[in-house]
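Hi,

Here is the structure I promised to pass on. Have a look at it first, and my notes follow underneath.

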Amino acid sequence: MPAPFRQQFSPTRRGARLARLLAVEQLVDWGWERDAEYLDAAELVVGELTANAVTHGRVPGRDFLLTMTLVPAPEAGSDTLRIGVADGRGERLATPVTSPCLDGEHGRGLVLVEALALWWGIEPRFPSGKTVWAELPGPPPR
Ligand SMILES: Nc1ncnc2c1ncn2[C@@H]1O[C@H](COP(=O)(O)OP(=O)(O)OP(=O)(O)O)[C@@H](O)[C@H]1O
Ligand SMILES: [Mg+2]
C-alpha cells in the first residue's frame with residue numbers, strides 16, 4: 001500500500017479547491033483511472049467535505065487537513081479509500097444528514113457523501129477540532 005497522503009490547506013474556497021485538485025492527482029499517481037466512476041466519486045466526496053470544512057468548520061487562522069489512506073479490503077474485492085478532513089470546530093454537526101433544506105440549495109453535501117460512501121462519520125480530534133471521514137471503494141484489482 002502506498003504511504004498515506006496528508007496535507008494542510010488554508011481554510012478558504014481556494015484552499016478547498018486546491019485540496020480537491022491535489023487529491024485527484026494523488027489518486028491518479030496511485031494508478032486510479034482518470035475517467036473512472038470511483039475516481040469521480042472520491043473527487044465529489046473530497047470536494048463536499050473540504051467545502052464544509054471551510055464554510056462550517058472554519059476557525060480563522062487554522063488550516064484544515066486532508067488525509068487519504070488506501071486500506072486493503074480483500075473481502076470487498078477492491079481496496080478501500082479512507083478520506084479524512086479535519087477542521088478546527090469540535091462541536092458535532094448540527095443538522096441531520098438526510099434532510100436537505102426545502103429551498104433545495106443547501107444541505108446536499110452530506111446527502112451526497114452518504115450516497116457515495118460505504119461509511120462515514122465524525123471523530124473528535126485532540127486537542128480540539130474534529131475529523132469528518134468517509135470510506136469509498138477503490139479500483140477493482142487488475
Ligand atoms: N465540517 C463541518 N463543521 C460543522 N458543521 C458542519 C460541517 N459539515 C457540515 N456541517 C453542518 O451540516 C449541515 C449539512 O451539511 P451539507 O454539506 O449537507 O450542507 P451545506 O454545506 O449546508 O450545503 P451544500 O453542501 O449543499 O452547499 C451544514 O449546513 C452544517 O450545519
Ligand atoms: Mg456542504
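**What I found**

Let's start with strand E5, residues 130-137, whose side chains alternate between two faces. Lys-130, Val-132, Ala-134 and Leu-136 point to one face and are buried, while Thr-131, Trp-133, Glu-135 and Pro-137 point to the other and are not. Do keep in mind that this is a predicted model.

E5 has a strand partner in E3 (residues 80-87), and the two pair in the antiparallel sense over 8 bridges. If you want a spot to check by eye, Ala-86 sits opposite Thr-131 of E5. E5 also runs antiparallel to strand E4 (residues 119-124), with 6 bridges joining them. There, Trp-120 has Ala-134 of E5 as its bridge partner, and Ala-134 is one of the buried residues mentioned above. E4 and E5 form a hairpin with 5 residues between the strands, and in this hairpin Gly-129 takes a positive phi near 95 degrees.

Now the helices. Two packed helices are described by the angle between their axes and the distance between the axes. For H2 and H3, the axes come within 9 Å and cross at roughly 145 degrees, and the crossing is left-handed. On the H2 side, the residues that meet H3 are Ala-41, Leu-44, Val-45, Glu-48, Leu-49, Ala-51 and Asn-52. On the H3 side they meet Gly-109, Leu-112, Val-113 and Leu-116. Sorted by class, that contact has 8 nonpolar, 2 polar and 1 charged residues.

The helices bring us to ligand 1. Which residues are closest to ligand 1? They are Asn-52, His-56, Gly-57, Gly-109 and Leu-110, out of 18 residues that surround it. Asn-52 and Gly-109 also belong to the contact of H2 with H3. Helix H2 (37-55) and helix H3 (109-116) each supply at least two residues of the shell, and H2 gives the most, with 4 residues. By class, the shell around ligand 1 divides into 6 nonpolar, 8 polar and 4 charged residues.

One last residue to click on is Arg-62, in the loop between H2 and strand E2 (64-71). Is Arg-62 buried or exposed? It counts as partly exposed, because it has 17 C-beta neighbours inside 10 Å. Leaving aside residues up to four places away in sequence, Arg-62 touches Pro-11 and Gly-88. Arg-62 and Lys-130 are 68 residues apart along the chain, and their C-alpha atoms are separated by 13 Å.

Cheers

Methods:
Residues are numbered from 1 along each chain as its sequence is written. Chains are lettered from A and ligands numbered from 1 in the order in which they are written. This is a predicted model: local features need pLDDT of at least 70, side-chain atom pairs count only at pLDDT 80 or more; totals for chains, interfaces and linings use all residues. A residue is near a molecule or strand if its C-beta atom, placed from the backbone, lies within 6 Å of it. Ala, Val, Leu, Ile, Met, Phe, Trp, Tyr, Cys and Pro count as nonpolar, Asp, Glu, Lys and Arg as charged, and the others, Gly among them, as polar. A residue is buried if 20 or more other C-beta atoms lie within 10 Å of its own, exposed if 12 or fewer, and partly exposed in between; C-beta atoms are placed from the backbone. Two strands pair if DSSP finds at least two bridges between them. Axes are lines fitted to C-alpha atoms, for helices over the stretch in contact, and angles run from 0 to 180 degrees between N-to-C directions. A crossing is left-handed if the near helix is turned anticlockwise from the far one by less than a right angle, and right-handed if clockwise. Two residues are in contact if their C-beta atoms, placed from the backbone, lie within 7 Å.
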